[in-house]
Amino acid sequence: MTRQSRKLDHIQYFLETTNYEMNTDTTDIYLMHCCLPEINFDDISMKTELMGFSLDYPIFINAITGGASDVTAINGALARVAKGYKIPMAVGSQMAALEDPTLADSYKIVRKENPEGVVFANIGAYATVKMAQKAANMIDANAIQIHLNVAQELLMPEGDREFSQWLFHIEEIVKALSIPVIVKEVGFGIRKEDAQKLLKTGVHAIDIGGTGGTNFISIESLRRKDFFAKNFTEWGIPTPVSLIEVSEVLSERCSLIASGGISNGLDVVKMVALGAGAVGMSGIFLRELLTKDELALEKCVLRIIDEIRTTMALVGAKDIASLNQIPVVVMGKMAEWLTGRGIDIRKYGMRE
Ligand SMILES: Cc1cc2nc3c(=O)[nH]c(=O)nc-3n(C[C@H](O)[C@H](O)[C@H](O)COP(=O)(O)O)c2cc1C
């Protein structure tokens with residue numbers, strides 16, 4: 001199977017696997033209501049900074065697609081909406097265009113539609129420095145994402161089986177490229193031990209990409225048309241658990257990004273309150289675009305922004321930095337999971 005037809009399969013099976021409510025479970029995470037906010041709704045600022053880029057909102061469109069002529073229109077629409085709200089956008093893996101340069105236009109459309117925007121290139125951890133540089137140059141990228149997708153590769157019959165050099169490749173790319181490097185999972189989470197290894201390479205941001213949203217094991221399970229993958233559909237670390245784990249070991253110079261099953265502003269604020277500098281979303285945006293249209297996608301971004309502002313008013317936070325100080329109570333299964341990992345969750349609830 002060519003990479004090009006695999007891209008289209010992923011989109012088709014994505015629509016079949018995810019339902020509209022594709023939230024990661026955040027019901028165990030409670031933000032404490034503030035009945036005396038001492039701020040005016042319209043004065044709330046959602047401005048923030050990620051890897052030196054100034055953002056109006058703490059959200060971005062995470063990697064989705066490229067690499068087939070049929071998906072050029074998808075990337076074009078995503079890029080126009082990203083431009084409209086001045087939110088960053090990542091393209092999908094650029095390996096297809098590195099192998100077949102005639103596919104480059106399906107990525108380049110993003111830069112064409114949004115010449116001044118913050119755009120992230122995307123490549124797998126199998127990539128060499130040369131490949132990463134080419135991918136970045138292809139779209140004049142402001143930063144590059146390196147995706148980690150072991151679970152997906154293992155469940156793809158034609159997938160990669162050689163992972164031993166991934167960390168080395170990441171380190172080499174960080175050293176060689178002049179733009180920030182983001183390492184991201186694609187929906188199975190990052191544990192703190194792996195984050196510590198990544199920090200030693202000097203990466204500029206870690207996107208924990210946890211479970212709860214798009215599930216590539218379910219997608220591959222449909223593609224395989226057998227039951228092998230079905231036993232693994234619960235595999236991975238939930239987004240909030242992975243976020244808290246990694247925030248425990250993070251150093252100041254590395255940004256933390258949350259993604260995986262985030263589709264509303266309340267959850268965005270929960271993630272930011274737990275340490276995320278920004279939140280990436282793919283599934284919710286792709287679904288809006290494919291099942292409705294570009295206008296629906298725009299409305300979806302606006303809804304999420306409104307929900308962020310509303311939640312900030314409800315917790316009495318006037319800006320994004322204040323969210324790091326609001327009390328967050330972690331209960332239930334999530335609390336069990338984190339205490340099982342030796343993490344003291346009471347400190348989040350005792351913030352003042
Ligand atoms: C159809 C589709 C294709 C994707 N392709 C890529 C990719 O090429 N590179 C990558 O890093 N992530 C890719 N992702 C993963 C997303 O960037 C994200 O990590 C994952 O979907 C979890 O976020 P979500 O639950 O908001 O969708 C893809 C996601 C979808 C839905």
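Biologist: Which element gives the largest share of the shell around the ligand?

Modeller: The largest share, 3 residues, comes from α1. Helices here are DSSP runs of H or I with at least four residues, strands are runs of E with at least two, and both are numbered from the N terminus. This is a predicted model, in which local features need pLDDT of at least 70 and side-chain atom pairs count only at pLDDT 80 or more, while totals for chains, interfaces and linings use all residues. Residues are numbered from 1 along each chain as its sequence is written.

Biologist: What makes a residue near the ligand, and which come nearest?

Modeller: A residue is near if its C-beta atom, placed from the backbone, lies within 6 Å of the molecule. There are 26 residues around the ligand, and G92, H147, G213, T214 and G283 come nearest. Two or more residues each are given by α1 (3-17), β7 (143-148) and α12 (283-291).

Biologist: How do you know that α2 has the span expected of a helix?

Modeller: The expected span is 1.5 Å times one less than the number of residues. For the 14 residues of α2 that should be 20 Å, and the end C-alpha atoms are 20 Å apart, so the two agree.

Biologist: Why are I74 and L78 in α2 called buried?

Modeller: A residue is buried if 20 or more other C-beta atoms, placed from the backbone, lie within 10 Å of its own. I74 and L78 meet that cut-off, so they are called buried. N75, A77, A79, V81 and A82 of α2 are buried as well. Their cover includes β4 (59-61), β5 (89-90), α4 (105-113), α12 and α13.

Biologist: What makes A77 and R80 of α2 part of a contact with α13?

Modeller: Two residues are in contact if their C-beta atoms lie within 7 Å. By that rule A77, R80, V81, G84 and Y85 in α2 meet E294, L297, E298 and V301 in α13. This contact has 5 nonpolar, 1 polar and 3 charged residues. G84 counts as polar because Gly is placed in that class.

Biologist: What describes the packing of α10 and α14?

Modeller: Two packed helices are described by the angle between their axes and the distance between the axes. For α10 (residues 239-249) and α14 (residues 332-340) the angle is about 35° and the axes are 10 Å apart. P240, V241 and I244 of α10 make the contact with M334, W337 and L338 of α14. The class count there is 6 nonpolar, no polar and no charged.

Methods:
Buried ≥ 20, exposed ≤ 12 C-beta atoms within 10 Å, placed from the backbone. Axes fitted to C-alpha atoms, helices over the stretch in contact; angles between N-to-C directions.
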